[in-house]
Amino acid sequence: MTINEVNGAGQPKNGYTKVKVKDKDTGKSFVIDFKNATVKGNEAQWTIKDGKVLDKNGNEVKDNELEVTRYQAALIKAAAEGDGNGKVLDSNDLIGASYGKTAEEALQNAKSEYHVRKDTMNDPSALYGEADAYEHGVIYADVENAKGERGHLEIEFEDADKQHASAPKEKAWYEFWK
């Protein structure tokens with residue numbers, strides 16, 4: 001079975017949902033098959049699960065559409081490109097800190113006024129700034145424009161989708177070296 005197979009409702013099987021991501025600044029949109037996840041922006045939040053998109057109040061979103069800003073659309077598109085398949089966003093896109101480079105390039109290609117914030121917390125600082133696609137199922141980016149305005153986007157996959165989260169639990173961690 002492949003994710004291109006669909007169920008009777010026209011949605012991909014195995015927890016994937018067709019989501020239309022609309023850039024409210026330009027009106028352009030694209031479609032991505034999302035694995036069950038929560039997407040958070042500065043103020044907005046959506047839950048994508050079982051063929052539906054729900055807003056932060058639990059109301060179903062018409063046409064499974066996420067209406068986002070230009071930078072958020074670029075960051076979602078960059079997240080889906082993690083594994084080279086920009087049509088699907090799932091745990092295979094968890095590519096680590098190199099997401100920061102992909103995110104910055106996507107922001108530039110979208111002609112966004114935002115850029116990935118420089119890492120000021122770590123010494124040495126993260127090479128690609130404050131953006132990451134962690135193995136434990138979270139993709140995030142903190143952005144900023146020339147005026148100092150900040151933005152945020154975070155995608156968190158459901159626990160069942162965090163394939164790379166931890167070692168098997170058959171043994172205690174210290175028993176792996178025995």
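**Note on the predicted model: charges, strands and turns**

1. Lys-111 is exposed, at 66% relative accessibility. Its place is the loop between helix H2 (99–109) and strand E8 (115–116). The model is predicted, and the points below should be read that way. Lys-111 also has a positive phi, about 55°, although it is not a glycine. For context, most residues other than glycine have a negative phi.

2. Which lysines gather with Lys-111 in a patch of positive charge on the surface? They are Lys-28, Lys-77 and Lys-87. Lys-28 sits in the loop between strand E1 (16–23) and strand E2 (29–35). Its relative accessible area is 63%, and the cut-off for exposed is over 50%, so Lys-28 counts as exposed.

3. Asn-64 also has a positive phi, near 50°, and is not a glycine. It lies in a loop too, between strand E5 (52–55) and strand E6 (65–68). Is Asn-64 buried or exposed? Its relative accessibility is 7%, and buried means under 20%, so Asn-64 counts as buried.

4. Now helix H1, residues 70–80. How many of its 11 residues are buried? The count is 9, so the helix is mostly covered. Among the buried residues of H1 are Tyr-71, Gln-72, Leu-75 and Ile-76. Several alanines are on the buried list as well: Ala-73, Ala-74, Ala-78, Ala-79 and Ala-80.

5. Strand E11 (residues 150–157) pairs with strand E3 (residues 37–40). The two run antiparallel, over 4 bridges. Within this pairing, Lys-40 stands opposite Glu-154 of E11.

6. E11 also pairs with strand E10 (residues 138–144). These two strands are antiparallel and joined by 7 bridges. Together E10 and E11 make a hairpin, with 5 residues between them. Gly-148 is in the turn and has a positive phi of about 90°. Look at Glu-144 here: it stands opposite Arg-150 in E11. As general background, side chains in a regular strand alternate between the two faces of the sheet.

7. The count of salt bridges comes to 6. One of them joins the side chains of Glu-65 and Lys-20, at 3.6 Å from N to O. What parts of the chain does this pair link? Glu-65 is in strand E6 and Lys-20 in strand E1, distant parts that are 45 residues apart. Lys-20 has 33% relative accessibility and counts as partly exposed.

8. A salt bridge also forms between Glu-130 and Arg-117, whose closest N and O atoms are 3.5 Å apart. Both residues lie in the loop between E8 and strand E9 (131–133), so the pair ties together parts that are 13 residues apart in sequence. Both Glu-130 and Arg-117 are buried.

9. Return to the hairpin strands. Glu-144 and Arg-150, which stand opposite each other, also form a salt bridge, with 3.7 Å between the closest N and O atoms. Which residues are joined with them into one network? The others are Arg-117 and Glu-130, joined through salt bridges that share partners. The network thus includes the buried loop pair of point 8 and the pair standing opposite across E10 and E11.

Definitions and conventions:
Residues are numbered from 1 along each chain as its sequence is written. This is a predicted model: local features need pLDDT of at least 70, side-chain atom pairs count only at pLDDT 80 or more; totals for chains, interfaces and linings use all residues. Side-chain values use heavy atoms; hydrogens and water are left out. Patches are made of residues with over 30% relative accessible area and no salt bridge: like charges are joined within 9 Å, nonpolar side chains (Val, Leu, Ile, Met, Phe, Trp, Tyr) within 5 Å. Accessible areas come from the Shrake-Rupley method with a 1.4 Å probe; for residues, only the protein chains shown count as cover. A salt bridge is a side-chain nitrogen of Lys or Arg within 4 Å of a carboxyl oxygen of Asp or Glu. Lys and Arg count as positive and Asp and Glu as negative; His and the chain ends are not counted. The place of a charge is taken as NZ of Lys, CZ of Arg, CG of Asp or CD of Glu. Buried means under 20% relative accessible area, exposed over 50%, partly exposed in between (1.4 Å probe, protein chains only). Two strands pair if DSSP finds at least two bridges between them.
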